[in-house]
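Subject: Structure handover

Hi,

Here is the structure I promised to pass on to you. Have a look at it first, and then read my notes below.

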Amino acid sequence: MQTKSRNIYLVPYVLWILLFVVAPIVLVIYYSFFSIDNELTLENYKKFFTPVYLQMTLSSFCYAFLITLFSLVFSYPTAYLLTKLKHKQLWLLLIILPTWINLLLKAYAFLGIFGTYGTVNKFTEFLGLGTHQILFTDFSFVFVSVYIFIPFMILPIFNSLEELNPSLIYASRDLGASSWVTFKRVVFPLTLEGVKSGCQAVFIPALSLFMITRLIAGNRVITLGTAIEQHFLVTQDWGMGATIAVFLIIAMAVMMLITGIGKRGV
């Protein structure tokens, strides 16, 4: 009886997965086998393995890796510091608060900050360093992306640090380990699951960015997400756009598999 009632509760979840996860993926795979003339073909997959699309794929992975790396480098010390503060929940809320603001509004805000007559250039002029072209560069794209994604890296790391048993750190110090050795051999390995979750939350969406590439990078940065948008909305080549999306889904699945291996092992 209990098993039947549990199965009934699973019905809405299964329907949600089928309608909003499985069905869209099946449709994407279906459209990837059609040309712009609506003919069944494998040309889209052949075209993807040409140097243009392979270079775009490599570029997307490089940018996603850099965004994830910088987010991790800044997030881990920040999360560790938050666990030591008196009102840590309040400070964590202030860090997460920008995620409630629309992504488009945050991107437009940086247009004013990094623009020719923006805040940064006014400050450099005040210092006598002159004005610089900050917008429409690789630096501005990576900087804004890190700013947007960094709360998603801080939160899982903070939770992992909060769950860490302090007695393990005290034991390490009692045994003569230095602060660095304690961090390397005790703290970091025990919070690695939080790091993996944060990397998932940052790397996967960073791989498919397209709006920031237009507003902040000025199409100087071309990613897989940008290519998908172009094919669906500009060239109307849904088949090629769907083909790129298929490989993007595969890349995301591989990323989730890699970061999930340790958790399954535990």
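N38 sits in the loop that joins α1 (2-31) to α2 (43-48). Before I go on, please keep in mind that this is a predicted model.

I started with the backbone. As a rule, residues other than glycine mostly have a negative phi. N38 goes the other way: its phi is near 65 degrees, a positive value in a residue that is not glycine. What about its surroundings, is N38 buried or exposed? With a relative accessible area of 60%, against a cut-off of over 50%, N38 is exposed.

Q236 also has a positive phi without being a glycine, with a value near 60 degrees. You will find Q236 in the loop between α12 (224-233) and α13 (238-265). Its relative accessibility is 44%, so Q236 counts as partly exposed.

Next, the helix packing. Two packed helices are described by the angle between their axes and by the distance between those axes. I looked at two contacts that involve α7 (residues 138-163).

Take α4 (residues 88-96) against α7: the packing angle is about 160 degrees, and the axes are 10 Å apart. Angles over 145 degrees count as roughly antiparallel, and α4 and α7 are therefore roughly antiparallel to each other. The crossing of α4 past α7 is left-handed. On the α4 side the contact uses K88, Q89, L92, I95 and I96, and these meet P151, I154, L155, F158 and E162 of α7. Sorted by class, the residues of this contact are seven nonpolar, one polar and two charged.

Then there is α5 (residues 103-114) against α7, where the axes come within 11 Å and cross at roughly 135 degrees. How are α5 and α7 oriented to each other? That angle falls outside the ranges for roughly parallel, perpendicular or antiparallel, and the two helices are therefore oblique to each other. Here the crossing is right-handed. α5 contributes L103, K106, F110 and F114, while α7 contributes S140, F143, V144, Y147 and I148. The class split for α5 with α7 is seven nonpolar, one polar and one charged.

Finally, the aromatic rings. How many aromatic pairs does the structure hold? There are 23. A ring pair is described by the distance of the centres and the angle of the planes.

One of them is F114 with F139: the ring centres are 6.5 Å apart and the planes lie at 45 degrees, so the pair is tilted. F114 belongs to helix α5 and F139 to helix α7, so this pair ties together parts that are 25 residues apart in sequence. F114 is buried, at 6% relative accessible area, whereas F139 is exposed, at 52%.

F232 and W238 make another tilted pair, with 5.7 Å from centre to centre and 45 degrees between the planes. F232 is partly exposed, with a relative accessible area of 27%, and W238 is partly exposed too, with 40%.

If you want a group of rings to display together, ring pairs link F33, Y45, F48, F49, Y53 and F247 into a cluster.

That's everything from my side for now.

Cheers

How values were computed
Residues numbered from 1 in each chain as written. Predicted model: local features only at pLDDT ≥ 70, side-chain atom pairs only at ≥ 80, totals over all residues. Heavy atoms only, no water. Axes fitted to C-alpha atoms, helices over the stretch in contact; angles between N-to-C directions. Helix = DSSP H or I, 4+ residues; strand = E, 2+ residues; numbered from the N terminus. Parallel < 35°, antiparallel > 145°, perpendicular 65-115°, else oblique. Left-handed = near helix turned anticlockwise from the far one by under 90°. Contact = heavy atoms within 4.5 Å. Nonpolar A, V, L, I, M, F, W, Y, C, P; charged D, E, K, R; others polar. Buried < 20%, exposed > 50% of the residue type's maximum accessible area, 1.4 Å probe, protein only. Phe/Tyr/Trp six-rings, centres within 6.5 Å; stacked < 30°, edge-to-face > 60°.
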